[in-house]
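Visitor: I'm new to this structure and would like a close look at one part of it. Could you pick the sheet that runs through one of the chains, and then show me how the rest sits around it?

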Amino acid sequence: MSKPKVVVIDFGVGNLLSVQRAVEKCGTDTIMSSEQDVISQANRVILPGVGAFANGMKALESLGLVKVIKKIAADGIPLLGICLGMQMLLDESEEHGVTKGLGIIPGRVVPVPVLDIGGNSMKIPHIGWNSTVIAEGATWNKTILQNSTPGDSFYFVHSFMAEPDDQKMRIADCLYGGNRVAAVIGKGNIFGCQFHPEKSGTTGLEVLQNFLSF
Amino acid sequence: MKSESNIRLVARLDIKGPNLIKGVHLEGLRVIGDPEEHAYRYYKQGADELVYMDAVASLYGRNHLSEIIKNAVKNIFVPLTVGGGIRSVEDATAVLRSGADKVAINTAAVANPKLITQIAEKFGNQCVVLSVEAKQMSNKIWEVLTENGRERSGRDVIEWVTEAVDRGVGEILLTSVDREGTRKGFDVDLLHAVSQSVTVPVIASGGMGKLEDAIDAVNNGGADAVAMADILHYERATIEDVRNVCRSAGLKVRSYEQT
């Protein structure tokens, strides 16, 4: 049986090497590419990303990848957005003015609350390991978290967070200052994780492994 | 400022050429062994992050860590910070392309504070760690040293960290040169003074002698993360030991099962 062809989209930002190495650690070869043709033919696609939302979208647009990624999503090819890559799946972001996203998952990207539920200031960005809880009404079956355990910790680095319109698309949250912050969202074969699975030790590799087995 | 995240346990690896080394007061460097082997061991013990510092890079104006980092990311899946000899946006880009998640800057930032903003604008504040080598001059007054503790800068630590955060630093790696390698415990006064002055996370570094020192750094120093070197390199304790002691003291740490 041939291994699935996994493409990590290279749009010029972020720590792509780590994503690629983590996928390889899961026993799957990957290609990094910014080519429309290569990405279109993938069996699985990872959209990573570190940095500002507007820069990320601008890079995808200039490479002609917006329609390619939308088609992948529409065709049901498994797609995983990581961090900024997750946020770009939504309709728009409020980071430095409003910027349009890919519009694959309905919803917005908004700032992480600066106050905790008691009204105290929180440190922003939210940096570090945080544990996950099941989102209200969600199940982790048949998602990238199907082998994870509520309470598992992952590595987060972000100042903005995804808010899908449909609560059913929230799979896992983490708590920051008592506020719920989306940790994993999804719709069908499309997933986004706010944390970095490639930087979250064995618990993170499990999430990638699950994505690769979809 | 409250931080809801777990206290991070950080393994610090000072590198000279191909070797992991350790000194006292950043001097008298002794070879410990192979960095890859040690780094992997700390990763397996549950280190939340690793910091690699090229101890002599500033001296020669270049960073030799790229190859070590490229190998590390094949087997180590936690955040990596790399410092030592990063003088430009191009240097930072090269290190990040090799697999680092953050860059630590000291000497070049003191000489040219605009470098902080330039790197932060390109990669985000979370990517820029200010490495501060602090030397106590009098009661509650510390001076910034550069060139891995070899040169005095004439700058006051508190004034410098405040400026650096305004310029875009996302985190501070605060090394007490007086305590570094001495096993006498962290300089809690220094930690407290810095963590009270800035809104970004502070990593305590220099002086971890016994497990309880980590608790002291957090509870009395206000540290968000604790860096360890000597205590790990000489196998006086494991990350797991530190984690257990912190947890027993009521500190929030990452849940981790060693495999």
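Guide: What follows starts with the sheet in chain A and then moves on to chain B. Keep in mind that this is a predicted model.

Let's begin with the sheet itself. It is an open sheet of nine strands in chain A, and the order is 2-1-3-4-13-12-11-8-9, with mixed pairing. The edges are held by strand 2 (30–33) and strand 9 (153–158) of chain A. Each of these two has a single partner strand, so one side of each is left without a neighbour in the sheet. Going from one strand to the next, the twist averages 30°.

Now zoom in on one pair in that order. Strand 1 (residues 6–9) of chain A runs parallel to strand 3 (residues 44–47) of chain A, and three bridges link them. If you want a spot to click on, try A:V8, which stands opposite A:I46 in strand 3 of chain A. Packed on this sheet you'll find helix 6 (residues 201–212) of chain A. That helix touches strand 1, strand 3, strand 4 (79–82), strand 9 and strand 13 (190–193) of chain A. Its direction makes about 90° with that of strand 9 of chain A.

Another pairing in chain A is worth a look too. Strand 7 (residues 105–111) and strand 10 of chain A pair in the antiparallel sense, over five bridges. Here A:G107 stands opposite A:P164 in strand 10 of chain A. Strand 10 (residues 160–164) of chain A is mostly covered, with four of its five residues buried. As background, strands of a sheet pair through backbone hydrogen bonds, either parallel or antiparallel.

Step back and take in chain A as a whole. It has six helices and 13 strands. Its C-alpha trace spans about 50 × 35 × 30 Å along the principal axes. A compact globule of 214 residues would have a radius of gyration near 17 Å, and chain A has 16 Å, which agrees. Of those 214 residues, 54% count as buried. Among contacts in chain A with a separation of 6 or more, 69% come from residues 24 or more positions apart.

Chain A has company. On the chain B side, 26 residues are in contact with 33 residues of chain A. The residues on that side of chain B divide into eight nonpolar, 11 polar and seven charged.

So what does chain B look like? It has 11 helices and 12 strands, and its C-alpha trace spans about 45 × 40 × 35 Å along the principal axes. With 259 residues, a compact globule would have a radius of gyration near 18 Å; the value for chain B is 16 Å, which agrees. Of its residues, 57% count as buried. For contacts in chain B between residues at least 6 apart in sequence, 66% join residues at least 24 apart.

Two helices of chain B show how burial can fall on one side. In helix 1 (residues 35–45) of chain B, the residues B:P35, B:A39, B:Y42 and B:Y43 are buried. They cover an arc of only 105° around the axis, which puts them on the same side of the helix. What covers them includes strand 1 (8–16), strand 2 (19–24), strand 4 (49–54), helix 3 (66–75), helix 10 (230–233) and helix 11 (239–248) of chain B. Just after helix 1 of chain B comes B:G46, with a positive phi of about 105°.

Helix 6 (residues 114–123) of chain B is the other one, with B:L115, B:I116, B:I119 and B:F123 buried. These cover an arc of only 105° around the axis, so they sit on the same side of helix 6 of chain B. They pack against helix 4 (89–97), strand 6 (102–105), helix 5 (107–111), strand 7 (128–138) and helix 7 (157–167) of chain B. After this helix comes B:G124, whose phi is positive, near 100°.

One last stop is B:G83, in strand 5 (residues 80–83) of chain B. B:G83 is buried, because it has 28 other C-beta atoms within 10 Å, and 20 or more is enough to count as buried. Leaving aside neighbours within four places in sequence, B:G83 is in contact with B:M53, B:V103, B:A104, B:I105 and B:S131.

Note on methods:
Residues numbered from 1 in each chain as written. Chains lettered and ligands numbered in written order. Predicted model: local features only at pLDDT ≥ 70, side-chain atom pairs only at ≥ 80, totals over all residues. Buried ≥ 20, exposed ≤ 12 C-beta atoms within 10 Å, placed from the backbone. Arc of directions from axis to C-beta. Contact = placed C-beta atoms within 7 Å. Nonpolar A, V, L, I, M, F, W, Y, C, P; charged D, E, K, R; others polar. Rg over C-alpha atoms; globule rule 2.2 N^0.38 Å. Pairing = 2+ DSSP bridges. Axes fitted to C-alpha atoms, helices over the stretch in contact; angles between N-to-C directions.
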